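Reader: I should be grateful for a close look at the salt bridges of this model. Please state the criteria behind each term.

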Amino acid sequence: MAVAALGPVVLDCPDPRALARFYADVLGGTVEGEGDWVDLRLPDGRALAFQAAPGFVPPKWPAPDDSQQFHLDLEVEDLDAAEKAVLGLGARPLDAEDRTRTFRVYADPAGHPFCLCAC
């Protein structure tokens with residue numbers, strides 16, 4: 001028997017509403033809340049949450065001496081189309097040069113790494 005159920009994944013960031021809007025544009029869903037805590041309710045019922053973190057320092061990627069903390073894998077049908085979309089929304093490439101792989105790595109506007117995966 002499980003001790004707990006997984007709730008939303010929570011991302012620390014400097015501006016919870018802005019980062020929730022970025023992920024809503026990428027994943028769909030509804031942004032709920034204001035201030036220090038904002039939820040993104042995804043169309044399939046799952047959720048991401050965004051929490052204000054004063055003094056937030058984004059993870060470094062790649063950095064063998066520093067932890068990337070975590071990253072999201074976002075499954076897509078077309079890597080090129082998805083890349084164009086996330087770059088237009090404010091993401092920046094971290095490791096997207098190798099076009100033979102089935103994934104590419106980007107940073108969201110707050111600096112969290114995420115992968116677009118056609119796996």
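Author: The account below treats the salt bridges one by one and ends with a buried residue of a strand.

The model is predicted, and local features need pLDDT of at least 70, side-chain atom pairs count only at pLDDT 80 or more, while totals for chains, interfaces and linings use all residues. Residues are numbered from 1 along each chain as its sequence is written, and side-chain values use heavy atoms, with hydrogens and water left out.

A salt bridge is taken here as a side-chain nitrogen of Lys or Arg within 4 Å of a carboxyl oxygen of Asp or Glu. By a search of the whole structure, eight salt bridges are found.

One of them joins Glu34 to Arg17, with an N to O distance of 3.5 Å. This pair links distant parts of the chain, 17 residues apart: Glu34 lies in the loop between β2 (30–32) and β3 (37–41), and Arg17 belongs to helix α1 (residues 16–27). Helices (H or I, at least four residues) and strands (E, at least two) are DSSP runs, numbered from the N terminus. Glu34 is exposed at 59% relative accessibility, whereas Arg17 is partly exposed at 26%. In these terms, buried means under 20% relative accessible area, exposed over 50%, and partly exposed in between (1.4 Å probe, protein chains only).

A second salt bridge pairs Glu83 with Arg99, whose closest N and O atoms are 2.7 Å apart. Here too the pair links distant parts of the chain, 16 residues apart, with Glu83 in helix α2 (residues 79–88) and Arg99 in the loop between β6 (92–95) and β7 (103–107). Glu83 is buried, its relative accessible area being 12%; Arg99, at 44%, is partly exposed. Both residues also belong to a network of salt bridges that links Asp80, Glu83, Arg99 and Arg104.

A further salt bridge connects Arg101 and Asp95, at 3.2 Å from N to O. Arg101 is partly exposed, with a relative accessible area of 22%, and Asp95 is buried, with a value of 19%.

Finally, Ala49 is located in strand β4 (residues 47–52) and is buried, with a relative accessible area of 0%. Leaving aside residues up to four places away in sequence, Ala49 touches Pro8, Val9, Val10, Leu11, Trp37, Val38 and Asp39, where contact means heavy atoms within 4.5 Å. Pro8 is 41 residues from Ala49 along the chain, and their C-alpha atoms are separated by 6.1 Å.
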